[in-house]
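Work through the exercises below with the coordinates open. Try each task before reading its solution.

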Amino acid sequence: MKLNERSVSHYATCDSPADHAGFLRKRVERHHHHAHHHTTSYQRCWFVLKGNLLFYFEERESREPVGLVVLEGCTVELCEAAEEFAFAIRFDDAGARAYVLVADGQAAMEAWVKALSRASFDYMRLVVRELEKQLEEACKSLAACRKSPQRSSSSGRKRHLSNPALLSLQEKPAVLGNGCSLWGGSSGGTPGGAACPDRDGGYMKPPPLPPRRRSTAGSTSGSPKAGISPAMPESPVSPETACFSKLHSWYGQEITVLRREWQERQKRGHP
């Protein structure tokens, strides 16, 4: 595979976010042909992971990478080495070079192994397939849930309507008599002329009363006319006049007296 060095170098140092970055020590092996042996050393470099490309620089501030590892067809695994916290990038091809790297600690080593293992397109392809499978299952579950409540609610509604005893108090029509709820089928209001009980067993306040009509034939001090029956209750809000029927009777007495006085004046010839 051929790569454009200029494009790769620009991508390595551009402002695109890195998937992982940090210092690692890279094992370097030097072969000595005249001595028929090789020596091993470790070079500290700054590594940057972007996608499936692993760049490494001599220094963190370097503008050009000194090497590149394409993370395809490889595995990342822990390895036994003289240095602690070492792991290796090994390729499937026979005779391919293996990269042995050493982290500064256990946490850094685990983070690098996880990031490098998830960098290849093969891994991303597996993740996409798994997500597509989960999405398909979620869509099926959602469709089933949307159908299930409708069936249960409709059947529950049928059972609700088929049994009148299940109707709530709000759904039952309120039966009123003289402005009060009737209890036990009675139509004469509450017994004893007390205040009308409500559904909760309490007592409802009577409606606000209209202003009482005053007679113009009274004295200048505003006292009521002497012809009005003194046996009438003094206050319309007393317990004896709490219900509508009592109020109707109370005001009817005054109207009856006023009508009788008007008839008497007509007989005497006074307007």
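**Exercise 1. A salt bridge within a helix**

Task: Find how the side chains of Asp122 and Arg125 meet, and state the N to O distance.

Solution:
- The side chains of Asp122 and Arg125 form a salt bridge, with 2.9 Å from N to O. The model is a predicted one.
- Next, place the pair. Both residues belong to helix H3 (residues 121-162), and they are 3 residues apart, so about one helical turn separates them.
- Now check exposure. Partly exposed covers the range between 20% and 50% relative accessible area.
- Asp122 has 40%, so this residue is partly exposed.
- Arg125 has 41% relative accessibility and therefore counts as partly exposed too.

**Exercise 2. Another pair in H3**

Task: Locate Lys140 and Glu136, and say how many residues apart they are.

Solution:
- Both lie in helix H3, 4 residues apart, or about one turn of the helix.
- Their side chains meet in a salt bridge, at 3.7 Å from N to O.
- Exposed means over 50% relative accessible area. Lys140 has 55%, so Lys140 is exposed.
- Glu136 has 46%, so Glu136 is classed as partly exposed.

**Exercise 3. A bridge between distant parts of the chain**

Task: Which parts of the chain does the salt bridge between Asp104 and Arg44 link?

Solution:
- Start with the contact itself: the side chains meet at 3.5 Å, N to O.
- Asp104 sits in the loop between strand E7 (99-102) and helix H2 (106-117). Arg44 sits in strand E2 (residues 37-50). The two are 60 residues apart, so the pair links distant parts of the chain.
- Arg44 has a relative accessible area of 44%, so it is partly exposed.
- For the full tally, the model has 5 salt bridges.

**Exercise 4. A buried charge**

Task: Is Lys26 buried or exposed, and what is the nearest side chain of opposite charge?

Solution:
- Lys26 belongs to strand E1 (residues 20-32).
- Lys26 is buried, yet has no salt bridge.
- The nearest side chain of opposite charge is Glu58, 10 Å away. A salt bridge needs a nitrogen within 4 Å of a carboxyl oxygen.
- Then list what surrounds the residue. Leaving aside neighbours within four places in sequence, the contacts of Lys26 include Tyr42, Phe47, Tyr56, Arg97 and Leu101.

**Exercise 5. Faces of a helix and a strand**

Task: Which residues of helix H1 (residues 5-13) are buried? Which side chains of strand E4 (residues 67-70) are buried?

Solution:
- In H1 the buried residues are Val8, Ser9 and Ala12.
- Viewed down the axis of H1, they fall within an arc of 100°, so they line one face of the helix.
- The face turned away from that buried side carries the exposed residues Arg6 and His10.
- In E4, Gly67 and Val69 point to one face and are buried. Leu68 and Val70 point to the other face and are not buried.
- Such alternation between the two faces of the sheet is what a regular strand shows.
- E4 runs antiparallel to strand E3 (residues 53-57), and 4 bridges join them. Val69 in E4 is the bridge partner of Leu54.

**Exercise 6. The whole chain**

Task: How many helices and strands are in the protein chain, and in what pattern do they follow?

Solution:
- Count 4 helices and 9 strands.
- Along the sequence the pattern reads α-β-β-β-β-β-β-β-α-α-β-β-α.
- Of the 271 residues, 23% are buried.
- The accessible surface is about 19900 Å², with 54% belonging to carbon and sulfur atoms.
- Take contacts with a separation of 6 or more: residues 24 or more positions apart account for 43% of them.

Notes
Residues are numbered from 1 along each chain as its sequence is written. This is a predicted model: local features need pLDDT of at least 70, side-chain atom pairs count only at pLDDT 80 or more; totals for chains, interfaces and linings use all residues. Side-chain values use heavy atoms; hydrogens and water are left out. Buried means under 20% relative accessible area, exposed over 50%, partly exposed in between (1.4 Å probe, protein chains only). The arc is that of the directions from the helix axis to the C-beta atoms. Contact means heavy atoms within 4.5 Å. Accessible areas come from the Shrake-Rupley method with a 1.4 Å probe; for residues, only the protein chains shown count as cover. Lys and Arg count as positive and Asp and Glu as negative; His and the chain ends are not counted. Two strands pair if DSSP finds at least two bridges between them.
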